[in-house]
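Biologist: Could you take a close look at one part of this protein with me? I would love a guided walk through it.

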Amino acid sequence: MTTEPPRRRLVPAIALLLLAPWTAECSWGGFTLTGMPFVVLVLAPMYGGAALLIRETARRFGLGWPGIALLAAAFGVIQAGLVDQSLFNPGFLDDTEFADTRAAAEATLVPGLGFSARQAVDYVGNHVVLTVCAPIALVESYLGAGSRARPWLGRPGLTAAALLWLGGSLLVFADDGGRKNFLASPVQLAVATGVALALITAALLRHRHAGPPPDAPTPAGPTPAGRPQTEAGPPRPLRPALVVAVGYVGSTIAPGWPGVVLALALAGIAAALLTRWSRRPGWGQRHVLATGTAGLVVAAALAYTVPTYAPASPVAALVGDVAISVIVLLLVGGAWWRVTAVRDRRRAAAPAGRPASPPA
């Protein structure tokens, strides 16, 4: 456990707690500027608590970013399948400005289970990209290299985070407005529970069977256990960011089952490429930041093309979209500056002829 003062460990935890609901529900244009503070405060226990628990679990058990992604997918299934049950409720968006998406969702209904494969990909994918990976990558990028890899919370903090997530989820479940007066069938709930448990198990098995996580800092650069470090270095951070951006946009361009297949194929290709690149010596926090926030940047850019949940005037919608752009640029730009500054200081402090490590 880190010996840093509690205040220095609580600040990033609180930042993640508040940032996760904003990236999850506001960064893509779902709310106007005046509605964003309320959304963040109300949803911080559920979204922020989940992101914090996932981050702490991954750092404690050395699960790396693949483990974070698997746990984030499990959270997406729990949230959409068990908490607000939007995954199984065909009328969940009928009272919003997205009511016209119902026909497209029903074109990919899974027989016998009553959920849309299109919505499953969208809901779970957005939770992985926006609710969990983007805020964790951002907050960790503002920290020193040592603090990124260490847990921030002790047992009391973990208990508090778990209670926040559980309490926030129960409030949404218990509120008829949260579930839209809908309750999934026992079979649907059992399927969602089974999928979530399978994803959690797959994430935790990385602790048992995998070597050091791809993003674990080592003096010579991160590589899988037992493999000599002869592989070429990673690409520049822009390339993995483009892979994520193309996958994020490409997953939405085709309707129906072809679109679902395309989305899953793009996700698989992106996962394979990122896993391969992240195992190469020299993969550092700049790569993590570029990869983790690429989807957030794309979502912010697309905010101008989507409506808010509730009707809003053109001026209010535009003000909100511009605010999103400014906030995302400040967050990502500040994190990039911080990571680059840390890397440059480490290089300057390294003895002549010896590379600084770990890479930033």
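Is Lys180 buried, partly exposed or exposed, and what is its relative accessible area?

Modeller: Happy to help, and please keep in mind that this is a predicted model. Lys180 is partly exposed, because its relative accessible area of 25% falls between the 20% limit for buried and the 50% limit for exposed. You will find Lys180 in the loop between helix H8 (176-179) and helix H9 (186-209). Its backbone is worth a glance too: phi of Lys180 is near 55°, a positive value in a residue other than glycine.

Gln85 makes a good companion to look at. Gln85 also has a positive phi, of about 60°, although it is not a glycine, and it sits in the loop between helix H3 (64-83) and helix H4 (102-106). Gln85 has a relative accessibility of 1%, so it counts as buried.

From there, let us turn to the interior. The largest nonpolar core has 87 residues, and Ile68 and Trp152 are those with the most contacts inside it. Helix H5 (residues 117-141) gives the largest share of this core, 14 residues. Leaving aside residues up to four places away in sequence, Ile68 touches Ile54, Ala58, Arg59, Val132, Cys133 and Ile136.

Helix H5 turns up again around helix H11 (residues 256-278): the cover over the buried residues of H11 includes H5, helix H10 (238-250) and helix H12 (285-302). Among those buried residues of H11 are Gly256, Ala263, Leu266 and Trp277.

Definitions and conventions:
Residues numbered from 1 in each chain as written. Predicted model: local features only at pLDDT ≥ 70, side-chain atom pairs only at ≥ 80, totals over all residues. Heavy atoms only, no water. Core = buried A, V, L, I, M, F, W, Y, C linked by side-chain atoms within 4.5 Å. Buried < 20%, exposed > 50% of the residue type's maximum accessible area, 1.4 Å probe, protein only. Helix = DSSP H or I, 4+ residues; strand = E, 2+ residues; numbered from the N terminus. Contact = heavy atoms within 4.5 Å.
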